[in-house]
Every structure is written in structure tokens, then in C-alpha cells.
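Let's take a walk through a protein structure together. Keep the picture open beside you and turn it around as we go.

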Amino acid sequence: MQRRLPAEWEPQDAILLVWPHDQSDWLPFLDRINELYQKLVSTISKFEKVILICKDSTLQKEVQNNLVSAGAQIEQIDFYIAPTNDTWIRDFGPITIYQGSQLSCIDFQFNAWGSKYDSTLDNQLTRSLFRQGLFRN
């Protein structure tokens, strides 16, 4: 069966993001990056669904309240709880591919730039999201 990676201009179901947190490399800039992410997620939510991962339920509640205050379309945001080492999910998150005409997600081992950083939690993320029901129809 032929496998292919969708092109970046093809329709998508959602944007997948990890909210920055105090146990990532964003710590020195956390106030500024939180403000930026509030604007980012609020804007995206006006046009399409956002899948937003928070490190724990306390952060999720705080983020949800702040997004409501910022005017986000909260019904367009699906929250998931999963700890991560990093924030830039494009480096370590699931990769969506087509197998024939069927969408599928690939889980892979992220080496954190040649083991420069801890990626233990990042490498558990896709399985955690699967267990929480993200990839089920």
C-alpha cells in the first residue's frame, strides 16, 4: 500500500500545539510566550479547530480561562493533558500520513537533536494522546 505525507497546502482537520510551560526551555520568557500563545490560539480558533496539549490539569484550567478572556472560540479547542519536555510539537509529535486513502498517524523516536536534551516525555506523547482517544474516529 502506498504511503504519502500530505502536502502543507492540503486541507487539515486541526492545528496541534503544546502550551509552553515552566519545565521547558521557555521558562526565562514564559510570561511573554504565554501572551503570544494566547493570541495565536485565539486567532486560530476563529478559523479552525485547535488541539491543545497542557502538561497538567492545573495549567489546562488556567489556559482555558485565559483563552476565554482573550476571546478564543473555546468550543473550537480540544484540550489534552500530557507532560512534555519541549513545546515545539512539530519536532516530536505524531506525523499524519495517508496509507492509500486512509489517514494514519506515525509515532517515532525523537532523539532531541542527538540526545542534547531530555526527550523522555516527548517520546511518550503520541501514545498518551492515542490512549486519550485523539486518533480514534
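We'll begin with the sheet, then go to the cores, the salt bridges and finally one loop.

One thing to keep in mind from the start is that you're looking at a predicted model. With that said, find the open sheet, which has 3 strands in the order β2-β3-β4 with parallel pairing. Two of those strands, β2 and β4, stand at the edges with a single partner strand each, so one side of each has no neighbour in the sheet. If you look from one strand to the next, you'll see a twist that averages 20 degrees. As a bit of background, strands in a sheet pair through backbone hydrogen bonds, and the pairing can be parallel or antiparallel. Now zoom in on β3 and β4, which pair in the parallel sense over 5 bridges. A handy spot to look at is I53, which stands opposite Y80 in β4.

Next, bring in the helices. Helix α1 packs on the sheet and touches β2, β3 and β4. Its direction makes about 165 degrees with that of β2. Helix α2, on the other hand, lies across β3 and β4, and it runs at about 160 degrees to β4.

So what about the nonpolar cores? The largest nonpolar core has 16 residues, and the ones with the most contacts inside it are W19, V41, L52, V63, L67 and I77. Who supplies this core? At least two residues come from each of α1 (30-45), β3 (49-54), α2 (57-69) and β4. The largest share is that of α1, with 5 residues. To get a feel for the packing, click on V63: leaving aside its neighbours within four places in sequence, V63 is in contact with W19, L52, C54 and F79. There's also a second, separate core of 13 residues, and A14, V18, F92 and L134 are among them.

Let's turn to charged side chains. How many salt bridges does a search of the whole structure find? It finds 6. One of these salt bridges joins E10 to R4, with their closest N and O atoms 2.9 Å apart. With a relative accessible area of 36%, R4 is partly exposed.

Another salt bridge links K55 with D22, and here the closest N and O atoms are 2.9 Å apart. Have a look at where the two residues sit: K55 is in the loop between β3 and α2, while D22 is in the loop between β2 (14-18) and α1, so this pair ties together parts that are 33 residues apart in sequence. Are these two residues buried or exposed? K55 has 19% relative accessibility, so it counts as buried, because the limit for that is under 20%. D22, at 39% relative accessibility, counts as partly exposed. The story doesn't stop with the pair, as D22, K55 and D56 are linked in a network of salt bridges.

For a salt bridge inside one helix, go to E35 and K39, whose closest N and O atoms are 3.6 Å apart. Both residues lie in helix α1, and they are 4 residues apart, about one turn of the helix. At 45% relative accessibility E35 counts as partly exposed, whereas K39 counts as exposed at 54%.

Our last stop is the loop between β4 (77-81) and β5 (95-99), where you'll find N85. Which backbone atom lies 2.8 Å from a polar atom of the side chain of N85? That's the backbone nitrogen of L121. N85 is buried, with a relative accessible area of 16%. Leaving aside its neighbours within four places in sequence, N85 has contacts that include H21, Q23, S24, D118 and L121.

T84 is found in the loop between β4 and β5 too. T84 is buried, with a relative accessible area of 3%. A polar atom of the T84 side chain lies 2.8 Å from the backbone oxygen of D86. Not counting residues up to four places away in sequence, T84 touches V18, H21, F92, L121, D122 and L125. If you spotted some familiar names there, well done: V18 and F92 are also included in the second core, and H21 and L121 are also in contact with N85.

Definitions and conventions. Residues numbered from 1 in each chain as written. Predicted model: local features only at pLDDT ≥ 70, side-chain atom pairs only at ≥ 80, totals over all residues. Heavy atoms only, no water. Buried < 20%, exposed > 50% of the residue type's maximum accessible area, 1.4 Å probe, protein only. Polar contact = N/O pair within 3.5 Å; in protein donor to acceptor, adjacent residues only side chain to side chain. Contact = heavy atoms within 4.5 Å. Core = buried A, V, L, I, M, F, W, Y, C linked by side-chain atoms within 4.5 Å. Salt bridge = Lys/Arg side-chain N within 4 Å of Asp/Glu carboxyl O. Pairing = 2+ DSSP bridges. Axes fitted to C-alpha atoms, helices over the stretch in contact; angles between N-to-C directions.
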